[in-house]
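These are my notebook entries on a few places I looked up. I took single residues to begin with and a helix pair after that.

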Amino acid sequence: MWRPPERIKWKPAPGRWPTREEAAQSLLFGPVAINRMGLERRTWVPAMVPWRATEDGCVTDENLEWYERFARGQPGALVVEATGIRDVASGPLLRIGHDRFLPGLRELVQTVRRASEGRTRLLIQLIDFLAVRRRPEPARFFARHLEIRPWHRERLVAEDWPEARIRETLARLPDEELARVLAPRELEALRYGYRERVTDIALPHVRALPEVLPGLFADGARRAQEAGFDGIELHYAHAYTMASFLSRLNDRPDGYGGARENRVRLPLEVFRRVRGAVGADYPVGCRFLAEECIAGGNTVEDAAWFGVAFARAGMDFLSLSRGGKFDDARQPAIGWTAYPYTGPSGYECMPQYISDRRGPFGRNVEPTAAVRDAVRAAGFTTPVVVTGGIHGFEQAERLLREGKADIVGLARQSLADPDWFEKVRSGRGDEVMVCAYANYCEALDQKHEQVTCQLWDRKGLDEPGVRKTRDGKRRLVPALWHASRP
């Protein structure tokens, strides 16, 4: 992962923990409504991908144990990982693109309700993504994948050469020569792996996205409602399809790119189809970026404009993230795919304890507050979720009291200690395992390995019934915390 050049080492500073009485009187542990769904607490576990599904996207016992463990801490809301809306192979990531996924998803809902004693509302995040290929072996790229074009012959002065000779010549060229002969996207495919963009409208399936995606999202939403989820979060963030439509870099000429009004068109069409599929009373919101954090990308002004547009359309909540784009990702090793959290924008999404003068804690607070201010100025009361480096009660409570957000999301901190919410609420915050922000979890995610936390995955490995990672070296969930509840 990219690191800021300043490389200042920060330590988590959760501050003073509240007594049980103080927690009971706080906004953080007070209620909030999202449409007709009431949250008992303004605490939120954002979607995190643990890589525990089957290769064909079905719920496993490991998925059930993972979400059960979060539910035991009784956060106000828990969002299930990015779940694919297409019925296509996507590795051990949950999917919802066919009715055959419903039995497992129903069991997941029932597991969370039982473990949280009905106090945690369960949402599911729906995602679409375009093709991303592994970085190829250069010899194979030139022998099989590269399509020989007229410009290759022209730049090599090889109009009469047979194709095989051109391929052999290209395979021997040094990098600086390849940069002269190959087109920019060809050079990218060689160095980073092939990646589709929403602007590749020469590809029929990409050109057809505005016709196809509303129905796919609506079908996924219908299945989520049928499975018993309490609500839906549309994934409009980071490096994926819907965020790419919103991006300033989207210059599609078909009415779905260019001006903000065009870039927001498909996200709004998707939302309307989803709303039509699930009804007016079913909670539907989205996760989108307060800033893209890339050259030429969306700024907080764009995000504020989009936030007002989403609120006006009737979205029930807005959850803000930042960065996490392919555009500045680090070059992957041969045989690996590019990972959108390895560059500067990825750092903004998941900042580490080695940081700049801004530090890793709360980098998304002020941009989120700006979006909320714009939504309120437009006359809407849509709840706004803030996330990013929040780990202490005092920090979270202050954000709510200052009107910078309505709900507080804790991702890495809840991974470090799923019982954070219950420990703090019961006046036992001094027992919290505070996230070190070492991004141990992010490194596992990058390799698509089962995600755990270094604070707990080597503890109690010999306890009876402990489920372990595939290599047998780490536990898959933290040990249970036993505390009597009032």
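I count a residue as buried under 20% relative accessible area, as exposed over 50%, and as partly exposed in between. The model is a predicted one, and I read every entry below with that in mind.

Entry on His98. I located His98 in the loop between E5 and H3, and because its relative accessibility is 35%, I entered it as partly exposed. Its side chain reaches the backbone nitrogen of Arg100 at 2.9 Å, and, leaving aside residues up to four places away in sequence, I found His98 touching Asp87 and Arg223. I also noted the C-alpha to C-alpha separation of His98 and Arg86, which is 7.9 Å in space for 12 residues in sequence.

Entry on Thr83. I found Thr83 in strand E5, which covers residues 77-84, and with 0% relative accessibility I entered Thr83 as buried. The side chain of Thr83 reaches the backbone oxygen of Glu81 at 2.7 Å, while its contacts, again without residues up to four places away in sequence, include Leu94, Ile96, Ile124 and Leu126.

Entry on H3 and H10. I looked up the axes of H3 (residues 102-115) and H10 (residues 209-227), which come within 9 Å and cross at roughly 50°, so I entered the two helices as oblique to each other. The crossing of H3 and H10 is right-handed. On the H3 side I listed Leu102, Leu105, Arg106 and Val109 as making the contact, and on the H10 side Arg223, Glu226 and Ala227. Sorted by class, this contact of H3 with H10 holds 4 nonpolar and 3 charged residues, with no polar ones.

How values were computed
Residues numbered from 1 in each chain as written. Predicted model: local features only at pLDDT ≥ 70, side-chain atom pairs only at ≥ 80, totals over all residues. Heavy atoms only, no water. Axes fitted to C-alpha atoms, helices over the stretch in contact; angles between N-to-C directions. Helix = DSSP H or I, 4+ residues; strand = E, 2+ residues; numbered from the N terminus. Parallel < 35°, antiparallel > 145°, perpendicular 65-115°, else oblique. Left-handed = near helix turned anticlockwise from the far one by under 90°. Contact = heavy atoms within 4.5 Å. Nonpolar A, V, L, I, M, F, W, Y, C, P; charged D, E, K, R; others polar. Buried < 20%, exposed > 50% of the residue type's maximum accessible area, 1.4 Å probe, protein only. Polar contact = N/O pair within 3.5 Å; in protein donor to acceptor, adjacent residues only side chain to side chain.
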